[in-house]
Amino acid sequence: MSKALLSPDRLGSVDEIRGEVFKVPWQNFFTVEDTIGRGKFAIVKKCVEKSTGKRFAAKCIRKRRHCRDCTQDILHEIAVLELSSSHPHLIDLYQIYESSTEFVLILEYAAGGEIFDYCVGLKDAFSETKVRQLFRQILEAVDFLHDRNIVHLDLKPQNILLTDEKDGDIKLVDFGLSKHLSENLEIREILGTPDYVAPEVLNFEPISTSTDIWSLGVVCYVMLTGVSPFLGETKIETLMNVTTGVVDFPNDLFDEKQTACKDLILKMLQLDPQNRVTAKDCLQHTWLSGFLSPHDGVERFAIQDNVFHDNAKNLLSSKKCSRS
Ligand SMILES: Cc1cnc(Nc2ccc(CC#N)cc2)nc1Nc1cc(C2CC2)[nH]n1
């Protein structure tokens, strides 16, 4: 069910918010603890509800940014949160508080923190089996959004959380840059983070659900190796690497037997958005479909016969691959 649109790419308006907006200080009901996240226009603090002792994350978002009233943008983020609160791998919205200067979103607390910390070795690295289990959950969440014509546009390890440090599940967060796609909408603006941004964004070409798929291809590569496939010495060099779309799988990062995950990554990192797989295609791919959640007690992994994307063979054999 998609909400009436205020403008082509925005959901929601103050009278369409399903939940109640409280106009009293949120600190009356929550004990504020340490800061756990900080964005350009928001700060996120861990907090505990006084009446229940339950932990939450309070996302405090300023209404005014660069002398511009951004209330509509915040209402859009709230609408996407409300739309997706029913999905197990999208963060849940609990309460909303409003003051003259900010909105405070009381969100589900994910104790495991960002998967970024596990990818870069700050916490125990993921095994390939763990990556497959978590990446499947990420794709289920993104597929849910795409089915509702919502593109996240800021998918990166810093916005993908775990509910627990040990055997946690995925929670996707931060819909602040998300857009609702409608037929006549061509969004052309630079968004997202250099390592994860899709080439069409850099070329000011239309954005689509495929834009998220590119970002997830990079996320998968990083979850498996801790290395970003397009990383350059500078931000500009990274962006230039993205526009070439050249991806290599060096032997020091990938085992030659890992053909299934490399095949999926290559299908997600196609330069032309029209050639990219969808979230549903990914969930059917051998690397993910042969795998049942460990909670099912059964793990079946179809042996991937040596189907290897022709592109990869050319890339790996050619000297063109330069690791930036
Ligand atoms: C333990 C923890 C550690 N680090 C972060 N980082 C983080 C990343 C992105 C955003 C950006 C957003 N939104 C905010 C914080 N969130 C945590 N728990 C959260 C965070 C949350 C909700 C999303 C705030 N629930 N549980």
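Me: How much space lies in the largest cavity?

Reply: A cavity is a space where a probe fits but cannot get out. In this predicted model, the largest cavity holds about 80 Å³ of space. A search of the whole structure finds one cavity of 30 Å³ or more.

Me: Which residues lie nearest the centre of the largest cavity, and which helix gives the largest share of its lining?

Reply: Its lining has 13 residues, and those nearest the centre are Leu 153, Asp 154, Gly 192, Val 197 and Ser 215. Helix α5, residues 209-225, provides the largest share of that lining, with three residues. By class, the lining of the largest cavity comprises seven nonpolar, four polar and two charged residues.

Me: How much space lies in the largest pocket, and which residues are closest to its centre?

Reply: A pocket, by contrast with a cavity, is an open set of points. The largest pocket here contains about 1400 Å³ of space. It is lined by 50 residues, and Gly 39, Lys 59, Asp 154, Asn 159 and Asp 174 are the closest to its centre. Two or more lining residues come from each of β4, β5 (42-49), β6, α1 (71-84), β10 and β11. The lining of the largest pocket divides into 23 nonpolar, nine polar and 18 charged residues.

Me: Where does the ligand sit, and which residues come nearest to it?

Reply: The ligand occupies the largest pocket. Around the ligand there are 18 residues, of which Lys 59, Glu 108, Ala 110, Glu 114 and Gln 158 come nearest. At least two residues of this shell are supplied by each of β4 (30-38), β6 (55-62), β10 (102-108) and β11 (113-114).

Me: How many residues of each class does the shell around the ligand have?

Reply: The shell has ten nonpolar, four polar and four charged residues.

Me: Which polar atoms lie close enough to nitrogen atoms of the ligand to be read as polar contacts?

Reply: The criterion is a pair of N or O atoms within 3.5 Å. A backbone N or O atom of Glu 108 is 2.8 Å from a ligand nitrogen atom. For Glu 114, a polar side-chain atom lies 2.8 Å from a nitrogen atom of the ligand. A polar backbone atom of Ile 36 is 3.4 Å from a ligand nitrogen atom.

Me: What share of the ligand's exposed area does the protein bury?

Reply: The ligand taken alone exposes 510 Å², and the protein buries 89% of that area.

Technical notes
Residues are numbered from 1 along each chain as its sequence is written. This is a predicted model: local features need pLDDT of at least 70, side-chain atom pairs count only at pLDDT 80 or more; totals for chains, interfaces and linings use all residues. Side-chain values use heavy atoms; hydrogens and water are left out. A residue is near a molecule or strand if one of its heavy atoms lies within 4 Å of it. A polar contact is a pair of N or O atoms within 3.5 Å; within protein, one must be able to donate a hydrogen and the other to accept it, and residues adjacent in sequence count only if both atoms are side-chain atoms. Accessible areas come from the Shrake-Rupley method with a 1.4 Å probe; for residues, only the protein chains shown count as cover. On a 1 Å grid over the protein atoms alone, a cavity is a set of points where a 1.4 Å probe fits but cannot get out, and a pocket is an open set with protein on both sides within 12 Å along at least five of seven lines; lining residues have an atom within 4 Å of a point. A molecule sits in a cavity or pocket if more than half of its atoms lie within 2 Å of its grid points. Helices (H or I, at least four residues) and strands (E, at least two) are DSSP runs, numbered from the N terminus. Ala, Val, Leu, Ile, Met, Phe, Trp, Tyr, Cys and Pro count as nonpolar, Asp, Glu, Lys and Arg as charged, and the others, Gly among them, as polar. Grid points are joined across faces, edges and corners, and a volume is the space filled by probe spheres set on the points.
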